[in-house]
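Student: Could you walk me through how to read this structure, one feature at a time?

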Amino acid sequence: MGNRLQDIVLVNVEETNSWRTYPVDLSKVAQPMDGDFTGKNFLCMEQLTSADINVYLTEADAAYQVYMDPSQRGINLLPFVVLTSVMRQESTRTGGSMTTAIEKLGGVGHLISGMKSSSEAKGESIPDSWVAFATQSDLIGTRTPEEWGPALAASAIHEAIDNQTLARHVPVINLGDGENQHPTQTIGDLLTIKKHYSGLDGLTIAIVGDHERYRAHHSLALGAAAMGMKIIAVESAVARMPQSLVDEVSASLVVRTEDLDSAMADADVLYMGRKPDEYKRKGKEEEERNRKLEKAYAGWTVDRARLQKMRPGTIVMHPRPRRNELHPDVDSDPRMRDVQQMELMIPARMAIIALHSGKSIIEAVQRS
Amino acid sequence: MGNRLQDIVLVNVEETNSWRTYPVDLSKVAQPMDGDFTGKNFLCMEQLTSADINVYLTEADAAYQVYMDPSQRGINLLPFVVLTSVMRQESTRTGGSMTTAIEKLGGVGHLISGMKSSSEAKGESIPDSWVAFATQSDLIGTRTPEEWGPALAASAIHEAIDNQTLARHVPVINLGDGENQHPTQTIGDLLTIKKHYSGLDGLTIAIVGDHERYRAHHSLALGAAAMGMKIIAVESAVARMPQSLVDEVSASLVVRTEDLDSAMADADVLYMGRKPDEYKRKGKEEEERNRKLEKAYAGWTVDRARLQKMRPGTIVMHPRPRRNELHPDVDSDPRMRDVQQMELMIPARMAIIALHSGKSIIEAVQRS
Amino acid sequence: MGNRLQDIVLVNVEETNSWRTYPVDLSKVAQPMDGDFTGKNFLCMEQLTSADINVYLTEADAAYQVYMDPSQRGINLLPFVVLTSVMRQESTRTGGSMTTAIEKLGGVGHLISGMKSSSEAKGESIPDSWVAFATQSDLIGTRTPEEWGPALAASAIHEAIDNQTLARHVPVINLGDGENQHPTQTIGDLLTIKKHYSGLDGLTIAIVGDHERYRAHHSLALGAAAMGMKIIAVESAVARMPQSLVDEVSASLVVRTEDLDSAMADADVLYMGRKPDEYKRKGKEEEERNRKLEKAYAGWTVDRARLQKMRPGTIVMHPRPRRNELHPDVDSDPRMRDVQQMELMIPARMAIIALHSGKSIIEAVQRS
């Protein structure tokens, strides 16, 4: 957190049972969008202005119309475009959503799920592996256990382009990098809020959970703040929103609390998240952290009774999968948006894929 | 067996190492087709009249023409339609066949094979998982280790529709549910018989194997009886056709025997099946059952000598994979239909996919 | 090595924990192409004349134009054609490349990776499994741990055709069979050389590595020799190019050496390859072999200093993944072609897929 686009970040990856550190120059791979997405990587929220986010959201609106219309169900915008989603942390959800998104645009999705690809098993380095994927893809999406793992992928590809060994540039989209960010999720999240409230500016969102390690919360805080939203971080003392992130978001937009009920009373949007157990580490301190966090999560369960704290007309979100954060007895409450949120990931990702491939769904719809 | 469409069935599923029971109201999810397949789930043979089965078969005939014509190989009927086949019991065969079927109709197939999806690994409930798949699919096929597992999928989706949280209805197709049924296999089986005999009414089919637990036999008995066929159940005392199934089929249509040779002499169709070892349970009684059943299967091997018992012009089927039930020396006998039967699964499933998506292959062919 | 197209080869495969040997008649499945590829299997380099190789290469040139043109990215030549790539040795690279190749031609790719398919787990024989795949595919590619495993697949399919049980013939493409050959890699390799030198006749290629067991080296030696190239086999005493292969290639075209530096000075093309550890066997002799081979590979590392031995204007290749054979500090050298070589696998495989499906990319481009 608190990285800036001019930073050099160090990416630690495991290669054939030994660890290696690669420096990645963000100024090369994480360029500001500034309204032009064509061919650029999408690695972190810091690349986006509110205008950029609005472009994603209006394209996603057009994608939504096409996607939901049973007489269309898709649009033939990206024929022969191959998107490879390399989920180095296993995923059927996000990977499947990317695959559906490219296919709804007339392209092709490849989904590779699991930590070890067979080439890594043959002793290949991670950068070599990314260049190899680039030779058989038009677009790469990836989820990695490492922070800035997708940036490392982009860096390897840029280097091969610089070396004039790789002929075609292949943009990389971050589908979740360790404890860092999950920016495509955030675009879908903001789309869900916009579907209900039309505008985002001035809304208050209460974000509940492990603010230290849950990546969807990190990119959401950045995205919400960029759109002028106020953030109530409902947190535990052992898993607070990093101060560097608060500073980046702007301290004036963030309120910290441990009191979920008062946050719900004030919020236009309640955003829950699961406890990210995949980042549990070893040692006594961690066990203590985990114990306390578990207790905090137990106290945050939203059921029908507690949901009465929220004003009518507000909405409740969760990026799923959920465990006990949302009791199933709230599923029929008209404020629930967690299922719609999953649905909207498709048009959100259609918009991202199209824009980074140099295409506009809005224009395509107008032409047709 | 012996379920009726108005029953509430209890579905037991394993979730993150604990078992849970969900009640599923069949009257909501397993509606009678009555000639209109659009948007309906296909969960069990009880949903079909003989007229419904005939619709599948005539659509499948049209699909077969398209599929086999090397200048066509497919038809662009369902562009942008995403079928996700979630094989919670591992399968390359049936899953691949569904995927080929949707792609031969111009749509897209996703195949997820293996018991644990990554979201289940993250602690998600089974109904939540089904709703998630629905948000990124137009059609779901599934094989489950549990009886009525696909009905549970349909139930979760219907509930999300009722809650107005899921915007698009997604039909569910049963690709085999535990020891219960395998209805798409049955449609392909009946198509294979019809290819040879033109009509099905009045034919005699000898079905050989574990009638207690082999799901393909269960749905075949129901489908064959619905089409007016007589059934010889060649069975072992330890694995008899359930009386409830006999009653449902109509006792007057079923003859039980342990004598394969006499059954072959009387049959127009011989239908073998493998021993379903995946349903072996623990305990002494089960070991005894297994021992006796193994002996029965050993006595049922059909080789070239035994095949002389069948009249010329009859046919021999097996839903594959086979073990010792059919000796390879019969492979060149002109009565063998086991390979064609696999081939016909594609047009049979093309027909099912098209009809449940509200499309007719016959009409599409006439228009083109 | 040294097989002839009239041989009967014995294929040993593991089935449900027991080994079985199948005889395969190459005269039936590995026919000479003689300019007509339609419907034929592509199993080994011996099927090709230099004229046949030139057809692949000129088709691949046309495929390359289409593939690299950002306004096209593909061509709709094989709609509804399903290519199933069954990688019985795990592979994301070659499997993904085949899948991209068919999709760039408007068809559909299925990728099955891993030794055990679920049907094999149900006790099915390997030939039965191949026939099953044929019933749901238009084209099969496969990588097998066994030599001539793809020929066994072809043989099973031919037998089912002969038995009149399988209605449609499905060609088989060898994507690497044990220690034998890797012919589609070789076509891509030759395409890479031709991109640089225009003609192949008279060029000298130095091939470095385990000449005994590395299949890409075997088919490359055959293909290079067929095109009139001279071969310097840079080898270790424990892993020499088999004499049968030298004889087949023609002894007059092959020079053996252990001295990489002198080979580099003489070569127009340097072709490195990784140590194929998947073929390590047990026993003392093997350990000794492995130790010596490891030492030889350590002495063959090509870094920036050593690369000065190569003349300017020459090229360096490696079929990737690499380990220490090519030091990353050579990646920016203008002679490196290892990345381009991966890129060119797509058009090479597009050409192969199109031709064996009875289509010409060149003609399609001219028509459009």
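Tutor: Gladly, and let us begin with contacts: two residues are in contact if their C-beta atoms, placed from the backbone, lie within 7 Å. This is a predicted model, in which local features need pLDDT of at least 70 and side-chain atom pairs count only at pLDDT 80 or more, while totals for chains, interfaces and linings use all residues. Residues are numbered from 1 along each chain as its sequence is written, and chains are lettered from A and ligands numbered from 1 in the order in which they are written.

Student: How many residues of chain C are in contact with chain A, and which elements of chain C take part?

Tutor: On that definition, 25 residues of chain C are in contact with 25 residues of chain A. Helices (H or I, at least four residues) and strands (E, at least two) are DSSP runs, numbered from the N terminus. Two or more residues each come from α3 (93-104) and α13 (338-356) of chain C, and α3(C) gives the largest share, 7 residues.

Student: What is the chemical make-up of that side of chain C?

Tutor: Here Ala, Val, Leu, Ile, Met, Phe, Trp, Tyr, Cys and Pro count as nonpolar, Asp, Glu, Lys and Arg as charged, and the others, Gly among them, as polar. The side of chain C that touches chain A has 6 nonpolar, 9 polar and 10 charged residues.

Student: And what does chain B bring to chain A?

Tutor: From chain B, 25 residues are in contact with 25 residues of chain A. On this side of chain B, β4 (108-113), α4 (118-121) and α5 (126-135) each supply at least two residues, with the largest share, 4 residues, from α5(B). The side of chain B divides into 11 nonpolar, 9 polar and 5 charged residues.

Student: What turn relates chain B to chain A?

Tutor: Copies are superposed by least squares on the C-alpha atoms of residues with pLDDT of at least 70 in both. A turn of 120° with a shift of 0.0 Å along the axis lays chain B on chain A with an RMSD of 0.0 Å. That is the relation of a three-fold axis. Among residues of chain B, Val108(B) comes closest to the rotation axis, its C-alpha being at 5.2 Å.

Student: How should I read the sheet in chain B?

Tutor: Strands of a sheet pair through backbone hydrogen bonds, either parallel or antiparallel. Two strands count as paired if DSSP finds at least two bridges between them. In chain B, 5 strands in the order β9-β8-β7-β10-β11 form an open sheet with parallel pairing. At its edges are β9 (254-257) and β11 (315-317) of chain B, each pairing on one side only. Strands β7 (residues 204-208) and β8 (residues 230-234) of chain B pair over 5 bridges, and Ile205(B) has Ile231(B) as its bridge partner in β8(B).

Student: What stands out in the backbone around Arg320(B)?

Tutor: Most residues other than glycine have a negative phi, and most peptide bonds are trans. Arg320(B), however, has a positive phi near 45°, and the peptide bond from Arg320(B) to Pro321(B) is cis, with omega near 0°. Arg320(B) lies in the loop between β11 and α13 of chain B.

Student: Is Arg320(B) buried or exposed?

Tutor: A residue is buried if 20 or more other C-beta atoms lie within 10 Å of its own, exposed if 12 or fewer, and partly exposed in between, with C-beta atoms placed from the backbone. Arg320(B) counts as buried, with 24 C-beta neighbours inside 10 Å. Ser198(B) also has a positive phi, near 65°, but Ser198(B) is exposed, with 7 other C-beta atoms within 10 Å.
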